[in-house]
Amino acid sequence: MGQTGDFASPQEEVKQPPRRRRRREGKWDTAEDAVSLTELKAKTSEEENKKRQKRLYIGNLPAGMKLGDVVEFFNGALLAMVPSNQTTKDPLVSKTEIYNPEQGYCFLEFKTPELTDLAFKLDGITCNGYSLKIRRPIDFTQGNQLEDTKIFIQNVATDVTEAELRELLEKHGKLKLFNLIKDPITGASKGYGFFEYEDSRSAKMAVLHLNGQALKQNVLSVKHAAFGYFASGGKPIDCKASNLPNSITQSILNNPLLGLQLQNSKIVGAKPTRVVQLLNMVFSEDLLSDYNYNEIVRLTKEEAGKYGALDEIVVPRPSKDLTFKSGVGKVFLKYKEVLHARKAQHMFNGRIFDKNRVVCAAFYPEDKYSRGEYTLI
């Protein structure tokens, strides 16, 4: 039996496919060019999400403050935070929306999501005697974030007990971690702590309702936090030094004048010397244990030695009572020659340390270093 199929016999005329007509240019989309409704919705959603990434709510504006003054204030504040080689003459606030002078709030749209993130860190900055409230839009999303369940609380009155603070926090959800920092010698509260809820919604509600709320004689500062602490048997977990109240970042964000001084510090840090300072590499909790401290020094010396002969490495350690000490959070490398220091600064800047810390490397004045002065401000 022969095979059956769709093959044409020699006698049958094979039909040629119809010749496509030449498409004319016009105002109508053809079927080939038309975008499906699903694709259109996806594109619109993506554009809306990008817009949300660049918008911020600004509240508690000073009475009588005009919208132009708000824009000028944020342009000036951001210029002090942006690296000098990335500054531009164009305004950093690209659009203003919903200005309500009676209730003292507005919405600002910034040029890029990165600038928006910087502006968001200015929450609490003082403007004409008013502490501004800076928030993300309600519909803002950043995807799945592990840190959504964690909050950081500052300015807790020293006479507030753990039971009182726990009762206040548990009104918004069940706590997974409660860590009110205390003085290791006296046992007294240091006025801040790290806390984690079992779900992100509880954390968001706590930040929304507790930030700015008075507890006894103090006004609480409550924010989302990406933090780590020696929680499980002294084992360090993911942490950002900038969230600590004694960090350089918090000092700058709480005082706009320091931002202007920081701009000048960037100029100083660009002038080559034999001393290189490494920022965002360590924080105070890394340096409490002698073992951790010696390991950091060993690893740094091993890596820094690849770029030239070293005179010494200095890693300032925190005081025993964990109070602020000048230079903690920095690592200093002193080379025998400027050429070696320049090579090290170039190679260390932008390197990743401990999987998720981006190191910033800059030069440091030798005269200040020799006097043991480890901060420019």
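**Exercise 1. A lysine and its surroundings**

Task: In this predicted model, determine whether Lys-330 is buried or exposed, and which side chain of opposite charge is nearest to Lys-330.

Solution: Begin with the burial of the residue, for Lys-330 is buried and yet has no salt bridge. Next, look for a partner of opposite charge: the nearest such side chain belongs to Glu-373, which is 11 Å away. A salt bridge would need a side-chain nitrogen of the lysine within 4 Å of a carboxyl oxygen, so the pair of Lys-330 and Glu-373, at 11 Å, does not qualify. Then turn to polar partners, where the side chain of Lys-330 makes a polar contact with the side chain of Gln-277, at 3.1 Å. Finally, place the residue along the chain: Lys-330 belongs to the loop that runs between strand S14 (310-314) and strand S15 (331-335).

**Exercise 2. An open sheet and its helices**

Task: Work out in what order the 4 strands of the open sheet are arranged, and which strands stand at the edges.

Solution: The order is S8-S9-S7-S12, and the pairing is antiparallel. Because strand S8 (175-182) and strand S12 (221-224) each have a single partner strand, they stand at the edges, and one side of each is left without a neighbour in the sheet. From one strand to the next, the twist averages 20°.

Now examine one pairing in detail: strand S7 (residues 150-154) and S12 pair in the antiparallel sense over 4 bridges, and the bridge partner of Phe-152 in S12 is Lys-223.

As a last step, add the helices. Helix H4 (residues 162-169) lies across S7, S8 and strand S9 (189-197), and runs at about 145° to S8, whereas helix H5 (residues 200-210) lies across S7, S9 and S12, running at about 150° to S12.

**Exercise 3. Positive phi values in loops**

Task: Find where Lys-216 and Asn-280 lie, and explain why Lys-216 counts as partly exposed.

Solution: Start with Lys-216, which is found in the loop between strand S10 (214-215) and strand S11 (218-219). Although Lys-216 is not a glycine, its phi is positive, at about 60°. Its relative accessibility is 44%, which lies between the limits of 20% and 50%, and therefore Lys-216 counts as partly exposed.

Continue with Asn-280, whose place is in the loop between strand S13 (275-279) and helix H8 (290-304). The phi of Asn-280 is near 60°, a positive value in a residue other than glycine. With a relative accessible area of 38%, Asn-280 is partly exposed.

Note on methods:
Residues numbered from 1 in each chain as written. Predicted model: local features only at pLDDT ≥ 70, side-chain atom pairs only at ≥ 80, totals over all residues. Heavy atoms only, no water. Helix = DSSP H or I, 4+ residues; strand = E, 2+ residues; numbered from the N terminus. Buried < 20%, exposed > 50% of the residue type's maximum accessible area, 1.4 Å probe, protein only. Lys, Arg positive; Asp, Glu negative; His and termini not counted. Polar contact = N/O pair within 3.5 Å; in protein donor to acceptor, adjacent residues only side chain to side chain. Pairing = 2+ DSSP bridges. Axes fitted to C-alpha atoms, helices over the stretch in contact; angles between N-to-C directions. Contact = heavy atoms within 4.5 Å.
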